[in-house]
Amino acid sequence: MTGLDAVPRLRRGVKTAYDDTRDSHVVLFPEGVLVLNETAAAVVGLCDGRTSVEGIARRLAEEFDGVEADDVAELVARLVARRVVDVDG
């Protein structure tokens, strides 16, 4: 799992968009398309290369109920595995 002090950023060539056909946020990357729910889209939107996983969790907790830092870290780890984000730290 990704550590709470890790700082995620979108990989080069990865784009985020809203897909009207799917009525969902998506991540476009060389290997495909990832359809995101609202919370996952918020996490990806905060992967700016400056904010730690813990900082992302704190910001999301202001907007969504039940956000746990470990859940955000697990999602970031899955995004790393899918080659959507890289992490520093």
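Colleague: Which helices each supply at least two residues of the lining of the largest pocket?

Modeller: Those are H1 and H3. Keep in mind that this is a predicted model. H3 gives the largest share of the lining, with 4 residues.

Colleague: What is the volume of the largest pocket, and which residues are the closest to its centre?

Modeller: The volume comes out at about 200 Å³. There are 14 lining residues, and Thr-39, Ala-40, Val-43, Asp-71 and Leu-75 are the closest to the centre.

Colleague: How many residues of each class does the lining of the largest pocket have?

Modeller: Sorted by class, you get 7 nonpolar, 3 polar and 4 charged residues. Val-43 and Leu-75 are among the residues closest to the centre, and they count as nonpolar because Val and Leu are on the nonpolar list. Asp-71 is there too, and it goes down as charged because Asp is on the charged list.

Colleague: Okay, on to the charged pairs. What makes Arg-83 and Glu-31 a salt bridge?

Modeller: Check the distance: their closest N and O atoms are 4.0 Å apart. The cut-off is within 4 Å, so the pair just makes it onto the list. Arg-83 sits in the loop between H3 and strand E5 (85-88), while Glu-31 sits in the loop between strands E3 (24-29) and E4 (32-36), so the bridge ties together parts that are 52 residues apart in sequence.

Colleague: Why is Glu-31 called exposed, and what is Arg-83 called?

Modeller: Glu-31 has a relative accessible area of 51%. Exposed means over 50%, so Glu-31 passes. Arg-83 has 43%, and that lies between the 20% and 50% limits, so Arg-83 is partly exposed.

Colleague: How do you know that Asp-48 forms a salt bridge with Arg-50?

Modeller: The closest N and O atoms of Asp-48 and Arg-50 are 3.5 Å apart, and that is within 4 Å, so the pair counts. Arg-50 is at 69% relative accessibility, which is over 50%, so Arg-50 is exposed. Asp-48 is at 27%, so it is partly exposed.

Colleague: Where do Glu-74 and Arg-78 lie?

Modeller: Both are in helix H3, 4 residues apart, about one turn of the helix. They form a salt bridge too, with the closest N and O atoms 3.3 Å apart. Glu-74, at 41%, is partly exposed, and Arg-78, at 47%, is partly exposed as well. A search of the whole structure turns up 6 salt bridges.

Colleague: Which residues in helix H2 are buried?

Modeller: In H2 (residues 53-61) they are Val-53, Gly-55, Ile-56, Ala-57 and Leu-60. Buried means under 20% relative accessible area, so each of these five falls below that limit. They pack against strand E1 (7-10), helix H1 (38-45) and helix H3 (69-81). For the chain, buried residues make up 39% of the 89 residues.

Colleague: What is the pattern of the chain, read along the sequence?

Modeller: It runs β-β-β-β-α-α-α-β, with a total of 3 helices and 5 strands.

Colleague: What radius of gyration would a compact globule with 89 residues have, and what does the chain have?

Modeller: The globule rule gives a value near 12 Å, and the chain has 12 Å, so the two agree. Along the principal axes, the C-alpha atoms fill a box of roughly 35 × 25 × 20 Å. And of the contacts with a separation of 6 or more, 56% come from residues 24 or more positions apart.

Methods
Residues are numbered from 1 along each chain as its sequence is written. This is a predicted model: local features need pLDDT of at least 70, side-chain atom pairs count only at pLDDT 80 or more; totals for chains, interfaces and linings use all residues. Side-chain values use heavy atoms; hydrogens and water are left out. Buried means under 20% relative accessible area, exposed over 50%, partly exposed in between (1.4 Å probe, protein chains only). Contact means heavy atoms within 4.5 Å. On a 1 Å grid over the protein atoms alone, a cavity is a set of points where a 1.4 Å probe fits but cannot get out, and a pocket is an open set with protein on both sides within 12 Å along at least five of seven lines; lining residues have an atom within 4 Å of a point. Grid points are joined across faces, edges and corners, and a volume is the space filled by probe spheres set on the points. A salt bridge is a side-chain nitrogen of Lys or Arg within 4 Å of a carboxyl oxygen of Asp or Glu. The radius of gyration is taken over C-alpha atoms; the globule rule is 2.2 Å times the number of residues to the power 0.38.
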